[in-house]
Amino acid sequence: MDDTTANPNSLPREALPGVLVCPDAAEVARTAARRFVDWAWQAIARDGQFQVALSGGSTPRQMYRLLATQEFRTQIDWPRVHLFWGDERAVPPDHADSNYGLARRELLLHVPIPPGNVHRMEAELTPIGRAAHQYETVLRRFLELDDRGFPVFHLALLGMGSEGDIASLNPGARLLRETSRWVSTPAMDKLGTRRMTLTLPVIEAARRILFLVTGAPKAAMLRVVLCGRADRGLPAQMVQPRHGERIFLVDEAAARLLPAEAPAAASPPEKPKKRS
Ligand code: 6PG
């Protein structure tokens, strides 16, 4: 199911290398759902499984809902899909703020995924540090490791906060310099609570990193992330896949401050004129 079957008017335009712009949030969700199906087929054909770290926040909701529809759910070999989370709030799974809870309501309850393939972060447990350690054990059990010993997801799905935060990695956080741990439990001072999150090296080890960014309130930060000065404290800008690809799937509202034209691909250097 590739984009060619889509309504040509809704085909994403490439605003910058790896930055695909759809007309609106609904098309972002539809394009993301199509890519999910494609990448699931590829991963299952190659590795027998499709291992995905789902994103929290509100932006992926439409995509989860679409994947649960007859049109999409029948395209996916769910018994071969394993779902993990990029981050979680320190609340029970049935709490309104639970990232697992959102995915369960919108997706898991509607697709034939075996319960043993759903690996939620038990961030409500105390001490949360031990729960983070337990989650590392789960990752070690199901995921291959890369050349640096980090677990490799086939797909890491990410949202981007209006401050450039991703998962539960906040701008300027010391955790952004983490080089060994896979899972951490940062304090969210503004919220007076803790979170559980994958660390940057784990996110960057993913074969594919897909950002979903929609809405005008994200436009200023998206421009900074994609066109601004390099900032070693800005999580959304820092994510550089080590072996895979990074794609931003955004809507026109979020893309409104990006350069109008994708910078012309640098013309190949002139071939030296043959001496006559
Ligand atoms: C979370 C997320 C967080 C989120 C961004 C964007 O648990 O809140 O993982 O990183 O993706 O803040 O949030 P929205 O999609 O709600 O704008």
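What follows is a chat between a trainee and a mentor about the ligand site and the empty spaces in this predicted model.

Trainee: Where does the ligand sit in this model?
Mentor: To count as sitting in a space, more than half of a molecule's atoms must lie within 2 Å of its grid points. The ligand passes that rule, and the place is the largest pocket.

Trainee: What is the volume of the largest pocket?
Mentor: Start with the walls: 31 residues line this pocket, and Gly161, Asp165, Ala167, Asn170 and Arg195 lie nearest its centre. The space the largest pocket holds comes to about 700 Å³.

Trainee: Which strands each supply at least two residues of the lining of the largest pocket?
Mentor: By class, that lining has 12 nonpolar, 11 polar and 8 charged residues. As for the strands you're after, they are β5 (87–89), β6 and β8 (187–188).

Trainee: Which residues are closest to the ligand?
Mentor: The shell around the ligand holds 16 residues. Sorted by class, they come out as 3 nonpolar, 8 polar and 5 charged. The closest of them are Ser58, Thr59, Arg89, Ala167 and Lys218.

Trainee: How much of the ligand's exposed area does the protein bury?
Mentor: Look at the side-chain contacts, where the cut-off for a polar contact is 3.5 Å. Ligand oxygen atoms lie 2.5 Å from an N or O atom in the side chain of Thr59, 2.7 Å from one in Arg89 and 2.9 Å from one in Asp165. On its own the ligand would expose 410 Å², and the share of that buried by the protein is 85%.

Trainee: How many cavities of 30 Å³ or more are there?
Mentor: A cavity differs from a pocket in that the probe fits but cannot get out. In the largest cavity there is about 30 Å³ of space. With 30 Å³ or more as the rule, the count is 1.

Trainee: Which strand gives the most to the lining of the largest cavity?
Mentor: The residues lining this cavity are Ala53, Gly86, Ala156, Leu157, Leu158, Ala167, Leu198 and Ile203. Match them to the strands and one gives the most, with 3 residues: that's residues 155–158, strand β6.

Trainee: How many charged residues does the lining of the largest cavity have?
Mentor: Go through it by class: 7 residues are nonpolar and 1 is polar. Gly counts as polar under this scheme, and Gly86 is on the lining list. For charged residues, the answer is none, as the lining has no charged residues.

Methods: Residues are numbered from 1 along each chain as its sequence is written. This is a predicted model: local features need pLDDT of at least 70, side-chain atom pairs count only at pLDDT 80 or more; totals for chains, interfaces and linings use all residues. Side-chain values use heavy atoms; hydrogens and water are left out. A residue is near a molecule or strand if one of its heavy atoms lies within 4 Å of it. A polar contact is a pair of N or O atoms within 3.5 Å; within protein, one must be able to donate a hydrogen and the other to accept it, and residues adjacent in sequence count only if both atoms are side-chain atoms. Accessible areas come from the Shrake-Rupley method with a 1.4 Å probe; for residues, only the protein chains shown count as cover. On a 1 Å grid over the protein atoms alone, a cavity is a set of points where a 1.4 Å probe fits but cannot get out, and a pocket is an open set with protein on both sides within 12 Å along at least five of seven lines; lining residues have an atom within 4 Å of a point. Grid points are joined across faces, edges and corners, and a volume is the space filled by probe spheres set on the points. Helices (H or I, at least four residues) and strands (E, at least two) are DSSP runs, numbered from the N terminus.
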